[in-house]
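Subject: Structure for you to look at

Hello,

Here is the structure I said I would pass on. Please open it beside this email and follow along.

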Amino acid sequence: MKQSMTLIPTLREIPADAEVKSHQLLLKAGFMRQNASGVYSFLPLGKRVLQKVENIVREEMDGADAVELLMPALQQAELWQESGRWYTYGPELMRLRDRNDREFALGATHEEVITSLVRDEVKSYKKLPLTLYQIQTKFRDEKRPRFGLLRGREFIMKDAYSFHSSKESLDEVYKKLFQAYSNVFSRCGLNFRAVIADSGAMGGKDTHEFMVLSDIGEDTIAYSDTSNYAANIEMAPIVMEYKRSSEALKEMDKVKTENQKTIEEVAGFLEVSHENLIKSLLFKVDDQYVLVLVRGDHEVNDVKLKNLLEAGSVELASAEETKTVLSCPVGSLGPVSVTEVRIVADHAVEAVVNGVCGANEEHYHFINVNPGRDFNVEQYADLRFIKEGDPSPDGSGTIVFAKGIEVGHVFKLGTRYSEAMNATYLDENGKSQPMIMGCYGIGVSRTVAAVAEQYNDENGLVWPANIAPYQLHLIAVNMKDETQAQLANELYKELQGERFEILFDDRQERPGVKFADSDLIGLPLRITVGKKASEGIVEVKVRKTGEVTEVNRSELAGTLASMLKSI
RNA sequence: CGGGAUAUAGCUCAGCUUGGCAGAGCACUAGCAUGGGGUGCUAGGGGUCGCAGGUUCAAUUCCUGUUAUCCCGACCA
């Protein structure tokens, strides 16, 4: 493609709205433009990268015996009502009405559509398993879109759904797609981990998220420093045992702790360690309030709490609610003599000896509190977030944290949708059974941003060869110099003939402008036609390393081919 | 949804405190020079100062409302 014929609006300055590297560079290098919050146009370069990623996804999915189809983005409300999600999905589902006042949704995901399709078309165990996928635009009215393509309201996703007559078959396809996903992200050049994730109320024991390691990631990954264990921090179970100190139990006492509210303040004021404190938090669990206790140096894990109580929603009660329910400000909460609400506690609390907790009275705490003696707990469970330094749940090594961007998710759905929507098949005995399902997503546009996030330097983007919008950037230093212009034009045609993907900067621009734009766009190899054009010699520069070689035009195609292979 | 901030040319931003014809740099157009890392000079084009209302002889500037965008938090099958 000649640069004079396409649209690559590079910017000299970074738009003020862009915060993270990938967002800034994709805008600056002219790959995309924002339309509304979380809504973007892909310009020609952006579109090409997107297509590269899509094609890798297609190859790997097809290789795993998944078949592509395309479902509507515009979906009738009835389907969502059938699964129940019309009422539970919330405002994140974009809803609209047609001219006849019928209700629709813009697809946030496609479980309903695919389940209804397969229900109608597949009736026999002989047609199973079946794995279908699509690459499509999804709509989610995010509360807070941010970071450019990383969290948009309209984005491109590959979603796949598998249907089975047995758990074993689901396991098999899950494993195959897990491998396909690893291949996709490896081929995109990403540094990623597959981590154990939350399966939530959907049940099913296996679900993994594919996380690209990045400081701007919105999820925290807890992984072992020695084994390959990795889990979303929400999920990592605590395996350590808490030893009770052998200290003699002392008499409980109420002490004045004027204006000491936080764990930090109270521990400092009473000169005790955080581990000796019992932190009490009031949660609203569905319609009930529950007092949750963890040790002062620990944090409540709301996902574990939610799973333990089999709740639909779990949120911290507000200060006002707390005051109403326990008639006490949040800084002085404690479990002693509390009968109004259920009390659950993390295992670590059970081992606290002569601890400190709020006295349910402003400015007062209890000291020498002992669980069992001074207050009762309905249930002890694993309720806290894992910490760095904790033993790894798989028994080998200790836990370290990293931030991750979720780019893929594989999930064993089970029969949640097939049962709700009556997607059944007849088994070998002629008996009707609900189909067992799996679902598998890849955030395609998010993957593009994740790569941009990992591959850049101070001069701009540095695309891995596999997904670069073009492989080669051909530059004529001076298009007014006839020798240079002619050689560049000839090389452009020759290299195209050799099936290279090539962007030719044929603009009448200053060399400095061309070089700067070239670095910014970040194609893997740059061919510069300059002073030595008359001798048939050009320069080849590797974007990533900056390494430059002079090459005779007769050897150019061969040299480029082998260089592309090596990067 | 709670808290904070911003909105003036395609981009980055001044001007507003103290009301009086709309500004700069970059980008764009034309010309001349230049031609290996965002070049120089000259001459131009481009804005309903987010929108609506109010105060005023006069509002980009003051007041009220509203919308959009960004940030922090909560949320995220």
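Is helix α12 (residues 444-454) largely enclosed by the rest of the structure or largely exposed, and why? Keep in mind that this is a predicted model. Helix α12 is largely enclosed, because nine of its 11 residues are buried. Go through them one by one. The buried residues of α12 are Val444, Ser445, Thr447, Val448, Ala449, Ala450, Val451, Ala452 and Glu453.

Next, the cores. In soluble globular proteins, nonpolar side chains tend to be buried together. The largest nonpolar core here has 59 residues. Look for Phe31, Phe185, Tyr440 and Trp463, which have the most contacts inside it. Helix α6 (residues 167-187) gives the most to this core: eight residues. Where does this core lie relative to domain 1 (17-210 + 405-452) and domain 3 (470-566)? It lies between them, because both domains give residues to it. Another core lies apart from it. That one has 26 residues, including Leu472, Leu474, Ile502 and Leu560.

Now turn to the RNA. There are 39 residues around RNA strand B. Arg12, Ala16, Arg510, Asp519 and Glu539 come nearest. By type, the residues of this surface divide into 20 charged, 13 nonpolar and six polar. Which elements supply at least two residues each? They are β1 (32-36), α14 (511-521), β29 (525-529) and β30 (537-542). Helix α14 has the largest share, with seven residues.

Which parts of the RNA face the protein? Of the strand B atoms within 4 Å of the protein, 48% belong to sugar or phosphate. The rest belong to bases. Three contacts are good places to zoom in:

- Ser37: an N or O atom of its side chain is 2.6 Å from a phosphate oxygen of RNA strand B.
- Lys480: an N or O atom of its side chain is 2.6 Å from a base oxygen of the strand.
- Glu509: a polar backbone atom is 3.0 Å from a base nitrogen of the strand.

One last residue: Gln3. Gln3 sits in the segment before α1 (21-28). Is Gln3 buried or exposed? Gln3 counts as buried, because its relative accessibility is 6% and the cut-off for buried is under 20%. What is Gln3 in contact with, leaving aside its neighbours within four places in sequence? Its partners are Ile8, His473, Leu503, Phe504, Asp505, Asp506, Arg507 and Ile521.

Best wishes

Terms used. Residues numbered from 1 in each chain as written. Chains lettered and ligands numbered in written order. Predicted model: local features only at pLDDT ≥ 70, side-chain atom pairs only at ≥ 80, totals over all residues. Heavy atoms only, no water. Buried < 20%, exposed > 50% of the residue type's maximum accessible area, 1.4 Å probe, protein only. Helix = DSSP H or I, 4+ residues; strand = E, 2+ residues; numbered from the N terminus. Near = heavy atom within 4 Å. Polar contact = N/O pair within 3.5 Å; in protein donor to acceptor, adjacent residues only side chain to side chain. Nonpolar A, V, L, I, M, F, W, Y, C, P; charged D, E, K, R; others polar. Contact = heavy atoms within 4.5 Å. Core = buried A, V, L, I, M, F, W, Y, C linked by side-chain atoms within 4.5 Å. Domains from an automatic or database assignment.
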